[in-house]
Amino acid sequence: MSTPSSFASSVSEDILNKLYPIPASTGAPGLPGPTHEAALATLEALRHDFANHHVYFNDFNFHNHSSHYVLALYALGAPPDVIKNAYANERKTLRPAFASPTSINEDNFSEHLGDAKYYDAYLAFFTAYLQKNSATEAIERFIFSPAYNFTSDLEAVNKRDRENGARGAKQHPEMLNRFLAGLIHPFIHVSYGVEFGLLGQVAEGLAQAAIHGAEIHAKLVPSSYFTKAGGGISELLSRLTSSLSLSASTNGKKTSERRPTFEFHRRVSEDPAFNFKLAEKEVFPRFVAVVQTASDSINSLVQEWTAQWLADTHSDAEAEKRLQGMVEEVTIGNVLWYGVGGWASRGDSGRVTNTDFFLMHLVTSALFLPTLVLNEAPSSALPFASRLLLLQTFLGVSTAWQIARGNHPLTIVPFYAATPAQLTVRSAAPAGAKALPSYGSAWARILAGALLSPDEHVPKAVRALAEYARRWGTRAPGYYAGALEGAETLDGTLFVRVAGITFDRLGWVNEGEEFIFWDQDGSSVRG
């Protein structure tokens with residue numbers, strides 16, 4: 001008896017062309033370099049991956065990163081051969097696609113959530129939906145709507161199903177929860193699709209979200225965000241602060257400028273509610289323990305942070321402006337947690353920094369906050385309440401990971417004192433000549449190193465840091481002065497410092513050094 005073929009393997013060329021057209025964008029940070037031939041090489045890899053591979057590559061539910069890898073390389077200007085070789089190496093370890101036991105439809109959508117065997121069925125479901133609806137409509141409905149997060153009368157629904165001969169096995173969908181699960185990979189996957197205008201990527205990401213478990217993050221995305229008792233998502237803004245009254249104009253009121261102060265990050269660093277010993281030594285049990293212990297405190301702090309940012313806002317335009325500052329603070333905070341916290345926790349083994357593999361994902365995922373939260377992608381137009389909720393829950397999940405990885409101190413001033421060499425690359429001098437006094441951009445060296453790294457995470461991290469430098473690289477010392485100790489030193493050079501010291505640890509492979517994988521050792525966490 002032959003094994004049934006997967007849905008994706010039988011998709012027609014016509015549908016594939018709709019799912020994977022020439023990318024609508026060359027991606028952040030908008031570097032010159034992507035060519036038509038590189039776009040074709042990228043599409044060839046993406047289409048092959050869609051049709052032939054599962055989104056997990058093993059039984060431990062490790063994620064298939066190949067689409068992220070080739071799109072990051074494409075955005076950084078990689079030539080076609082580099083993209084083709086990268087995908088050829090990736091596919092050696094990927095799991096073949098396989099048919100699901102049954103199909104997924106509107107009625108049984110919540111019965112197989114969290115089950116990797118149903119990836120193909122969810123992929124077929126979302127692919128069909130996206131043939132008639134936009135990516136924004138799909139994300140708003142399946143990630144943010146109350147119906148796809150919590151069912152108020154779930155027990156009665158299952159009882160009725162059983163009486164009618166059905167399984168009666170529906171569960172709370174909790175799709176926003178699942179969207180941010182698995183080190184935020186479903187969010188990353190979908191956002192690549194939105195950024196580059198690739199509906200196939202969006203369908204894969206939504207299907208990936210559907211097969212992630214909801215148990216781990218449940219307390220970080222509570223039902224109160226969606227239930228009538230909690231005000232519902234449409235009333236989220238009024239719940240956060242009674243002073244926020246959105247309208248088309250300011251009615252003559254002038255809103256004061258707000259800048260990131262990192263008061264939130266100071267509180268996370270110093271508050272006993274976020275600093276406690278963990279008996280667990282393994283990565284995910286530690287994360288689970290943090291969620292169980294500190295979720296209420298994290299959610300409370302996130303709500304307080306949001307209310308402070310949006311206080312005294314009187315128009316849509318002002319709220320959008322504040323949202324830009326909130327994204328900046330969350331993004332730079334994640335870079336601080338990975339880069340400065342990593343340097344502070346390097347230990348005494350001689351390594352230049354602790355390139356924490358898990359906190360690195362906080363850096364790469366924050367790249368997509370402008371795509372979805374600030375509506376910067378051409379195809380993205382989510383409602384303000386949904387975008388704000390995404391930013392809040394993203395910050396909450398990021399905070400839980402920071403605590404689980406040790407909540408190391410943000411020693412900004414010593415970090416800056418230790419990293420001046422990261423700012424420039426001294427020009428080479430001919431043999432026997434004096435060193436030339438001129439300097440070149442460190443980014444040229446960093447970008448070259450990213451294209452030839454043997455690890456798929458490196459170009460993603462570099463692309464993120466380069467984009468942050470493009471956005472905020474001209475921030476002067478003192479701009480962020482405020483609550484966080486040493487923040488008066490913090491400026492736009494943070495990103496090149498973090499990128500450079502990351503390569504110093506992992507190895508400049510394109511310059512002949514050996515590659516060292518990201519740090520995951522137990523000594524990188526307290527507890």
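Q: Helices (H or I, at least four residues) and strands (E, at least two) are DSSP runs, numbered from the N terminus; how many of each are in the chain?
A: The chain has 21 helices and two strands. This is a predicted model, in which local features need pLDDT of at least 70 and side-chain atom pairs count only at pLDDT 80 or more, while totals for chains, interfaces and linings use all residues. Residues are numbered from 1 along each chain as its sequence is written, and side-chain values use heavy atoms, with hydrogens and water left out.

Q: What makes a residue a lining residue of the second largest pocket, and which lie closest to its centre?
A: On a 1 Å grid over the protein atoms alone, a pocket is an open set of points where a 1.4 Å probe fits, with protein on both sides within 12 Å along at least five of seven lines; a lining residue has an atom within 4 Å of a point. The second largest pocket has 20 lining residues, with Arg258, Lys321, Arg322, Gln324 and Gly325 closest to its centre. Helix 14 (316-344) and helix 20 (457-472) each supply at least two residues of this lining, and helix 14 gives the most, with seven.

Q: What is meant by the volume of a pocket, and what are the values for the largest and second largest?
A: Grid points are joined across faces, edges and corners, and the volume is the space filled by probe spheres set on the points. By that rule the largest pocket has about 670 Å³ and the second largest about 370 Å³.

Q: How do the two linings divide by class?
A: Ala, Val, Leu, Ile, Met, Phe, Trp, Tyr, Cys and Pro count as nonpolar, Asp, Glu, Lys and Arg as charged, and the others, Gly among them, as polar. The lining of the largest pocket has 16 nonpolar, 14 polar and three charged residues; that of the second largest has six nonpolar, four polar and ten charged.

Q: Why is helix 10 called largely enclosed?
A: Buried means under 20% relative accessible area, exposed over 50%, and partly exposed in between (1.4 Å probe, protein chains only). Eleven of the twelve residues of helix 10 are buried, so the rest of the structure largely encloses this helix. Among them are Gln201, Glu204 and Gln208.

Q: How do you know that the length of helix 10 agrees with its number of residues?
A: The expected span is 1.5 Å times one less than the number of residues. For the twelve residues of helix 10 (residues 199-210) that comes to 16 Å, and the end C-alpha atoms are 17 Å apart, which agrees.

Q: Why is Asp312 called buried, exposed or partly exposed?
A: Its relative accessibility is 42%, so Asp312 counts as partly exposed. Asp312 lies in the loop between helix 13 and helix 14 and has a positive phi of about 65 degrees although it is not a glycine.

Q: What makes a set of residues a nonpolar core, and which residues have the most contacts inside the largest one?
A: A nonpolar core is a set of buried Ala, Val, Leu, Ile, Met, Phe, Trp, Tyr and Cys residues joined through side-chain atoms within 4.5 Å. The largest has 161 residues, and Phe126, Phe187 and Leu494 have the most contacts inside it.

Q: What does Phe126 contact beyond its neighbours within four places in sequence?
A: Contact means heavy atoms within 4.5 Å. Phe126 is in contact with residues including Phe109, Phe142, Met175, Ala203 and Leu206.
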